[in-house]
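Please open the structure in a viewer and keep the sequence at hand. The tour below proceeds one selection at a time and describes what is to be found at each stop.

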Amino acid sequence: MTGRTEQRPDEPFTFVIDLNETLLLAPQRSEHVACAGGEPVLGAGEVTFTPATGRWTVYEISNQSTGYCPDVTSWPVVRAALDRAGLDHPPTCTHPITFRRCPRCHERNIVKDEHYVCALCDAPLPNTWNMDRPNDHPTETAK
């Protein structure tokens, strides 16, 4: 963290939690799938750090990843990886995003204001996470 030169300290990082439950970081302009080396992940999103009492801590964290579209239920795995990395963090995701795939047109959607309707075809979206359904690239699924 202290040696980085490619981005400002207040810019978020791209992160993934790999299948070994390890936190991997890349500059924000990096794709999550690239950060994960094209492998499946247990969690993904963006994280912003802040210096506090001589060490870096997590200031904000989200599951924002259009490559993996992780469910908000991935937070326990993310939290555990942050704990193993010795990073203080908020008690939960500070900016949770709800992703759903449209069963009719297969488009990826972000659910806003609990409005579970496809932004493209107006079909109802499921209440449960379904981004691992057909038409996803096999390495672009996260639980």
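**First stop: an aromatic pair**

Select F49, which is buried, with a relative accessible area of 5%. The model is a predicted one. Next, add F13 to the selection; at 9% relative accessibility, F13 also counts as buried, because the limit for a buried residue is under 20%. The ring centres of F13 and F49 lie 5.7 Å apart and the ring planes stand at 70°, so the pair is edge-to-face. The count of aromatic pairs comes to one. This pair links distant parts of the chain, since F13 belongs to strand β1 and F49 to strand β3, with their positions 36 residues apart.

**Second stop: the four-stranded sheet**

Now display the strands as ribbons. Four of them form an open sheet in the order β2-β1-β3-β4, and the pairing is antiparallel. β2 (23-27) and β4 stand at the edges with a single partner strand each, so one side of each has no neighbour in the sheet. From one strand to the next, the twist averages 40°.

Zoom in on β1 and β2. These two strands run antiparallel and are joined by five bridges. Within this pairing, F15 is placed opposite L25 of β2.

**Third stop: T14**

Select T14, a residue of strand β1. Is T14 buried or exposed? T14 is buried, its relative accessible area being 0%. Show everything in contact with it: beyond the neighbours within four places in sequence, T14 touches L24, L25, A26, P27, Q28, S30, E31, H32, C35 and G45. One of these residues deserves a closer view, for the side chain of T14 reaches the backbone oxygen of S30 at 3.1 Å. For a separation along the chain, draw a distance from the C-alpha atom of T14 to that of N63: the two residues are 49 residues apart in the chain, and the C-alpha atoms are separated by 9.9 Å.

**Fourth stop: the nonpolar cores**

In soluble globular proteins, nonpolar side chains tend to be buried together. Select F15, L23, V47, V58, I61, V78 and L82; these are the residues with the most contacts inside the largest nonpolar core, which has 14 residues. Two or more residues of this core come from each of β1 (13-17), β3 (43-52), β4 (55-62) and α2 (75-84). Which element gives the most to this core? It is α2, with four residues.

Select L23 by itself to follow its surroundings. Neighbours within four places in sequence aside, L23 is in contact with F15, V16, I17, A81, L82, A85 and L87. Another core, of seven residues, lies apart from the largest one; V16, A26, C35 and A36 are among its members.

**Final stop: the β5-β6 hairpin**

Move on to residues 98-101, which make up strand β5. Both faces of β5 are covered: T98 and R100 on one side are buried, as are F99 and R101 on the other. Add strand β6 (residues 108-111), which pairs with β5 in the antiparallel sense over four bridges. In this pairing, T98 stands opposite V111 of β6. The two strands form a hairpin with six residues between them. To finish, select H106 in the turn, where phi is positive, at about 70°.

Methods:
Residues are numbered from 1 along each chain as its sequence is written. This is a predicted model: local features need pLDDT of at least 70, side-chain atom pairs count only at pLDDT 80 or more; totals for chains, interfaces and linings use all residues. Side-chain values use heavy atoms; hydrogens and water are left out. A nonpolar core is a set of buried Ala, Val, Leu, Ile, Met, Phe, Trp, Tyr and Cys residues joined through side-chain atoms within 4.5 Å. Buried means under 20% relative accessible area, exposed over 50%, partly exposed in between (1.4 Å probe, protein chains only). Contact means heavy atoms within 4.5 Å. Two strands pair if DSSP finds at least two bridges between them. Axes are lines fitted to C-alpha atoms, for helices over the stretch in contact, and angles run from 0 to 180 degrees between N-to-C directions. A polar contact is a pair of N or O atoms within 3.5 Å; within protein, one must be able to donate a hydrogen and the other to accept it, and residues adjacent in sequence count only if both atoms are side-chain atoms. Rings of Phe, Tyr and Trp (its six-membered ring) pair if their centres lie within 6.5 Å; planes under 30 degrees apart count as stacked, over 60 as edge-to-face and the rest as tilted.
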